[in-house]
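Student: Please take me closely through one part of this model, and explain each term when it comes up. I would like one connected account that I can follow while I look.

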Amino acid sequence: MRGSSVVVGLALAVAAGVMAGGVTAVARAEPAAVWGAAAHVVAPVVAPRPAAQPAVAPAPAPAAPRPAPAAPPAPPAKPAAPAKPAGVPCAATVRACIDLAHNKAWLLRGGVVEYGPVPITSGRPGYRTPVGTFRVLSKERVHLSRAFDNAPMPYSVFFIPGIAFHQGSLSVTSHGCIHLSKAAAIRFYGSLARGDVVQAVR
């Protein structure tokens with residue numbers, strides 16, 4: 001009985017202290033287990049707060065794949081070289097053609113025969129007219145050949161130094177020049193200009 005009286009007394013003292021606005025010195029001095037049990041007070045159990053998790057940045061979205069570089073445009077196809085005119089042994093791009101093997105000559109424009117073929121004579125042995133592609137160097141209406149006793153060379157169109165188209169004999173070979181009839185010499189002289197391409201083939 002005495003133990004029950006002590007417990008009741010403690011409980012009343014605690015209650016009086018609480019009602020007075022605080023816990024009495026006696027209650028503060030008692031172990032919590034004694035007065036808590038005496039008062040039938042159960043301390044609330046507070047669950048520990050979970051540790052704060054570090055913020056995790058969202059994973060970056062995968063970069064969109066870069067488009068493959070466009071292939072460079074194909075170079076434009078080179079235009080095909082114009083075909084040679086029928087019966088003409090020279091390139092279609094030349095302005096004048098000389099066939100030394102068959103003693104013929106033509107004027108061409110844009111790959112089309114403009115004049116010819118006309119008969120010619122060319123260089124004799126020892127003075128053969130060179131084969132190749134040349135350009136008109138100069139023109140002279142009346143030229144006198146100082147190398148051959150001032151021999152006249154009317155309507156001269158020089159395409160190699162010392163060698164020209166000009167009016168001359170169609171029955172006698174030359175010292176390298178291309179002999180034409182008077183009509184053909186006038187036509188070649190009037191049609192050809194400095195820089196025009198002349199081709200001689202054999």
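Tutor: Let's begin with what it takes for strands to pair: two strands count as paired if DSSP finds at least two bridges between them. The strands themselves, and the helices, are DSSP runs numbered from the N terminus (helices are H or I with at least four residues, strands are E with at least two). Please keep in mind that this is a predicted model, in which local features need pLDDT of at least 70 and side-chain atom pairs count only at pLDDT 80 or more, while totals for chains, interfaces and linings use all residues. Residues are numbered from 1 along each chain as its sequence is written, and side-chain values use heavy atoms, leaving out hydrogens and water.

First, the overall layout. The chain holds four helices and nine strands, which follow one another as α-α-α-β-β-β-β-β-β-β-β-α-β.

Now find the open sheet of five strands, whose order is 3-2-1-9-4, with mixed pairing. Strand 3 (112-119) and strand 4 (132-135) each have a single partner strand, so one side of each has no neighbour in the sheet. From one strand to the next, the twist averages 20° (axes are lines fitted to C-alpha atoms, for helices over the stretch in contact, and angles between N-to-C directions run from 0 to 180 degrees). Strand 4 and strand 9 (residues 197-201) run antiparallel and are joined by four bridges. To see one of these partnerships, look at Thr133, whose bridge partner in strand 9 is Gln199. Packed on this sheet is helix 4 (residues 182-191), which touches strand 1 (96-99), strand 2 (104-109) and strand 3, and whose direction makes about 145° with that of strand 3. Here, contact means heavy atoms within 4.5 Å.

There is also an open sheet of four strands, in the order 5-6-7-8, again with mixed pairing. Its edge strands, strand 5 (138-145) and strand 8, each pair on one side only. The twist in this sheet averages 30° from one strand to the next. Helix 4 appears here too, lying across strand 5, strand 6, strand 7 and strand 8 at about 40° to strand 6. Strand 6 and strand 7 run antiparallel, joined by three bridges; for instance, Phe158 has Ala164 in strand 7 as its bridge partner. The hairpin of these strands has two residues between them, and Gly162 takes a positive phi near 85° there. Strand 7 and strand 8, in contrast, pair in the parallel sense over three bridges, with His166 opposite His179.

What fills the inside? A residue is buried under 20% relative accessible area, exposed over 50% and partly exposed in between (1.4 Å probe, protein chains only). A nonpolar core is a set of buried Ala, Val, Leu, Ile, Met, Phe, Trp, Tyr and Cys residues joined through side-chain atoms within 4.5 Å. The largest such core has 24 residues, and Ile98, Phe159 and Leu192 are among those with the most contacts inside it. Several elements each supply at least two of its residues, including strand 1, strand 6 (151-160), strand 7 (163-167) and helix 4. Strand 6 gives the most to this core, with four residues. Four of the five residues of strand 7 are buried, so the rest of the structure largely encloses this strand.

Finally, look at the rings. Rings of Phe, Tyr and Trp (its six-membered ring) pair if their centres lie within 6.5 Å; planes under 30 degrees apart are stacked, over 60 edge-to-face, and the rest tilted. The whole structure has six aromatic pairs. Tyr155 and Tyr189 have ring centres 5.9 Å apart and planes at 70°, so they are edge-to-face. This pair links Tyr155 in strand 6 with Tyr189 in helix 4, 34 residues apart. Phe159 and Phe165 have ring centres 5.0 Å apart and planes at 45°, so their pair is tilted. Both of these Phe residues are buried, and ring pairs link them with Tyr115, Phe134 and Phe188 into a cluster.
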